Every structure is written in C-alpha cells, then in structure tokens.
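Let's take a friendly walk through this structure together. Have the sequence and the 3D view ready, and follow along one part at a time.

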Amino acid sequence: MTRLFHACPFCTIAPPHILRRLVEAGGPAEREAASRTLDMTRQLRTARMRAMALGAPAVPVEAALLGRRVSGARSTYDADHRTRLPGRLVRGEADGASGDPAVDEAHDYAGITRDFLRQVFRRRSLDGRGMALASTVHFDRDYDNAFWDGGQMVYGDGDGQVFQRFTLCLDVIAHEFAHGITQFTSNLVYFEQPGALNEHFSDVIGCLVKQWHLGQDAKDADWLIGAGLLVPGINGNALRSMSAPGTAYDDPLIGRDPQPAHMRDLYHGTEDQGGVHINSGIPNRVFWRVATEFGGQAWGTAGQVWWSAFTTMLNARASFADAARATIAAAGTIAGTRAASVVRAAWQEAGVRVPAGARVAVGSPAGAPARPAATTGRRAKAAKPAGGRAAKPAKRVAAKVAKAAKRTMGKVAGPAKRSMGKPAKRAAGAVKTAHLPTAAKRGAARGGKPAAPRPTR
Amino acid sequence: MAEVAAVEVVRSGGFAGIRRTTRTDGGTLSGEQRAAIEALLDGPVPPPAPGADRFRYGVTITFKDGSTRRIELAETAVPPVLRDVIR
C-alpha cells in the first residue's frame, strides 16, 4: 500500500518498566511510591512465597488476599482471534508478565487506571465496590476496535494496515475503563448528546490517567487520544485531539478527523449513534480549555470538577447544556466563583450557552451545591438557590482548598514526585469530599446506581 | 423479493469513530447470505448493542429492479453468515 504522507506517530506512554527505572533512580520516597503504584503483583507473590515457606497452601492465601485486599482484581483473557467472551484466562491479578505484549499491556494499564482512580478520586474499581476487572485481548481477526461490552473491556489487534493493536495506549484502556464507571454512575444514554458526553467523559479519564502516569502538567500534555495507534505512514498523530478537535488525522485511507469544536458544527446525522464519537469534540475542547486555564495538573481541580459533575450530578439523558450547568456548579462548590466563571466561559466559547442565574446560581451568595442524580433520581438541578444558609462557610473552605491545591500543584513536578505526592493526594482528597453535600458523599461512596445486568451474547 | 444487486455498508462508530464504506456485489452472495439478508429485512428492528464503542452498520441493499432498502444494525446483531459482508 502506498502512502502519500509519512507521519511518525509513536506511543508517548512510558512503559511501566521505564517508569520503574526512573523511579528507582530517585530517593527512598520515590521507591516507596514505585512499589505501591507499580507492583501490586509483587506483594501478592511475596505473600504467596512466604506462605509456602511456612508450609501453608498457596492458593487459599492468595484467594484471601485477592478477595480482601485487592480492590478491582484483574483477570486478562485471550479470545484466540474468535469472538466468544471472555475467552481463555491467561493472566490473573497475582501472575507475572505473560510475555504476550497485548495481554501484558491490557493487564498493566488496567492496573494503572485502577490505581489512578483509587488515589485521585477515591474510587474503588468500576462500581465503587471493588468489582473485578476483566479484559480480553486478541478479539476477532484484524479487529480495528476496542470496546466495553457492558461487563468487560475488549481489545482487537488492529489490521496492521491502518491500526496497530488497541492495547498500545494507556489512554485507550483508561477510556474503556471509564465507560464502565459511567455505566455505574450517570449511565448516560449512548445516543446523541448524552452519548457524546459519555464518550467525552471516557476521553477525559483517558487523558487524565495518561498525564498522571507521565507526571505531566496540563500545559505540557499532548491532549491526544490514541497517539501511536495509527500505523506509521497514515497521516495522523492520533484518533482525537482534545485541544484541537478535527485535527488528529487526515489521510486518503481513513478520511479526515470529523470532530467539531463548536456547537455550530454539531453533527446531526444518525451514524455513530448520532455522532457520539464526533460531537464529543465539543465538550473535549471545553475540558482542555478549563484544565489549561486552571493550570497545573489536569487531574487536580479540573479533574475533580468533572469527576464530581459526571459521577454525581448528571442524569442519563443529560445534554451539553446540562453538563455545562453541572460543571459550573461543581467548579463553584469545589474551587470558588472564579473557577466557575472559567468553566462557564469555556462552555460559552464552544457555543454552549448557560444563562447566568437561570438554574445555576453559581457565585451568588445563595448558591448551594447540587444533589446527585443517583440520590434524587431527578435531572440535576445544579445549585438551586437554597436560601444562602450554607453559602458563607462553603465559600471560605472552597477558597482554602483552591489555595492548597494551587500550592501543591506548583511544587509537584515529575512522575516520581507526583505519585509520591502525599500533599497532592491529601489536597485531592480534600477537594473530593470537603465540599460535596452529604448526599453527594453518600452517593459517591455507594457508587451510584446498581450495575446493569450483564448482557447475554 | 427481487434479486439483490449490491449491498453497501457504512460502518461508523467504534473507539476510533472512523467511517468506512464497503460494497459487495450481489452476484457474489451465497444462497444462505441472500436468505439472511431477507430475514433481516423482514424481521423486527434489531436491538442496540450494550456497552460502548461498538461498530454501527448502515446497510443499503439495492435490488436488480432498482429499488433499495435500508437497515441499521448493531455489531452484535450481524448474523454470523453475513460477517464477511457486513463488516
């Protein structure tokens, strides 16, 4: 096959062994972080060996460890190029590398995503209750896709002509993971605007996990989804760009990136479930705008605001305008009036208008946080004026936390320091819970709605 | 039902969201495949796929008398015998 252009896409994600080497070059603190975030497997192996040395049977100890301590234990399967799921188990939580790159990437990156969620958002696995994580690789033949089937993650090998294997990129795996979280929280309908929001949230989590893993600030990140997935020779860097939707690729073989960045270019057709992978460009750019305006690490204030809005405030049929209202309200609650204005301006720049003072009284003394959809079962009525009783103290704490987050973000630099970042962790934790209404905390702790039943195939 | 002249498939969605069009000449279809196409056209609207990032197929069937029929299919609703045609 001939190519008119030659691009040099490469996966920008540092493989775990490189990160491990980087971290080991650091001080004792970094080493501690490495063992905590990179090698849960080793802990289990050590426990198993110790138990065996003591003459105890290995399996029950391991099972007990897996059951009690490993929240979101991983099982990685091989479909052997067929389409039956989950396939043949090749790597369990406590097993070492299999030697099959697809298996090991799916397994390791699911582990990184799980760790990110636990450390940054205090989320235990997909359902908030430590649900086991199943991934299947080598699905079908020449399969150009990765998907969430309602109960597990599935990855194809790519056809080798356009796509490489879909496990190559951490953000792809985190994206699929996030579809599971959405299913257990807002359960956004996979069609038109709620579907595009569902896609958007997965892209946000994909980018956040990648940036967290690389220890990147918002301004230094590439904001690309699927960088390195297209084979060399296809004219494109990635599949989507959050900072510049519509610019990820342009190649005779696959066409041009169709993502809009503004409501005037919203796709109204029926393909792709009403353009869920197309129109997600609009909220994607809003998030990029907000994260870069806030500065520092995107998983800090911007990530907390989006997490709070998307996991506790949206209902299943939310529109872009609903997401705008929810994120503006969450920003006001978490980081104060100025942050809320930044979020409002970003949505407005994308053509999503939120009339000031309509349903959200952000910044007004009467502003009160929204109740989570999971608790009320109603459409998010973000920050409905509630008499201004709790407004003053909430505002004070918000300013305090915003200040603390700023301090932390200024200091933390590399991946080692980041994963080390006890102050960062504490600040993130404070942001997560300190200002959420009690109902929201309860909703988050419960993990929202119960799971949808596992589909039969 | 008139004889199938061609099957045009527009694949959309998937993680990448890249649109792809493929066309199969009606003459290359097996009897089994023709029967499966008729069953799809006569049957109820197939259910959507659960989960996210699955492919969607817009299938246009052109008959030799010039008429056309169009159906929308989720990846999970494609009959195994048509997997080489609707892909």
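What follows covers the sheet of chain A, a residue in one of its helices, the fold of chain B and the contact between the chains. Please keep in mind that this is a predicted model.

## The sheet of chain A

A good place to begin is the open sheet of chain A, where 5 strands line up in the order E2-E1-E3-E5-E4 with mixed pairing. At its edges you will find strand E2 (88-92) and strand E4 (146-148) of chain A, each of which pairs on one side only. From one strand to the next, the twist averages 20°.

Now look at strand E3 (residues 133-137) and strand E5 (residues 153-155) of chain A, which run parallel and are joined by 2 bridges. Here Thr136(A) stands opposite Val154(A) in E5(A). Helix H6 (residues 170-184) of chain A packs on the sheet and touches E4 and E5 of chain A. The direction of H6 makes about 20° with that of E4(A).

## Helix H5 and Ala110(A)

Helix H5 (residues 101-121) of chain A lies across strand E1 (74-78), E2, E3 and E5 of chain A. Relative to E3(A), H5 runs at about 150°.

Within helix H5 of chain A sits Ala110(A). Is this residue, Ala110(A), buried or exposed? Ala110(A) counts as buried because it has 24 C-beta neighbours inside 10 Å, and the cut-off for buried is 20 or more. Leaving aside neighbours within four places in sequence, its contacts are Arg74(A), Leu133(A), Ser135(A), Ile173(A) and Phe177(A). If you would like a distance to check in the viewer, try Ala110(A) and Tyr190(A): they are 80 residues apart in sequence, and their C-alpha atoms are 23 Å apart in space.

## The fold of chain B

Turning to chain B, you will see 1 helix and 4 strands, arranged β-β-α-β-β from the N terminus on. The C-alpha trace of chain B spans about 35 × 25 × 20 Å along its principal axes. A compact globule of 87 residues would have a radius of gyration near 12 Å, and the 13 Å of chain B agrees with that. Of the 87 residues, 36% count as buried. Among contacts in chain B between residues at least 6 apart in sequence, 60% join residues at least 24 apart.

## Strand pairing in chain B

Strand E3 (residues 55-63) of chain B pairs with two other strands of the chain. With strand E1 (residues 4-13) of chain B, the pairing is antiparallel over 9 bridges, and Gly58(B) in E3(B) is the bridge partner of Val10(B). With strand E4 (residues 68-74) of chain B, E3(B) is again antiparallel, this time over 7 bridges. In that pair, Ile61(B) stands opposite Arg69(B) in E4(B).

The hairpin of E3(B) and E4(B) has 4 residues between the strands. In this hairpin, Gly66(B) takes a positive phi near 95°.

## Where the chains meet

How many residues does each chain bring to the contact? Chain A gives 23 residues and chain B gives 18 residues. On the side of chain A that touches chain B, E4, H6 and helix H8 (271-279) of chain A each supply at least two residues. H8(A) gives the most to that side, with 5 residues. By class, this side of chain A has 10 nonpolar, 7 polar and 6 charged residues.

How values were computed
Residues numbered from 1 in each chain as written. Chains lettered and ligands numbered in written order. Predicted model: local features only at pLDDT ≥ 70, side-chain atom pairs only at ≥ 80, totals over all residues. Rg over C-alpha atoms; globule rule 2.2 N^0.38 Å. Buried ≥ 20, exposed ≤ 12 C-beta atoms within 10 Å, placed from the backbone. Contact = placed C-beta atoms within 7 Å. Pairing = 2+ DSSP bridges. Axes fitted to C-alpha atoms, helices over the stretch in contact; angles between N-to-C directions. Nonpolar A, V, L, I, M, F, W, Y, C, P; charged D, E, K, R; others polar.
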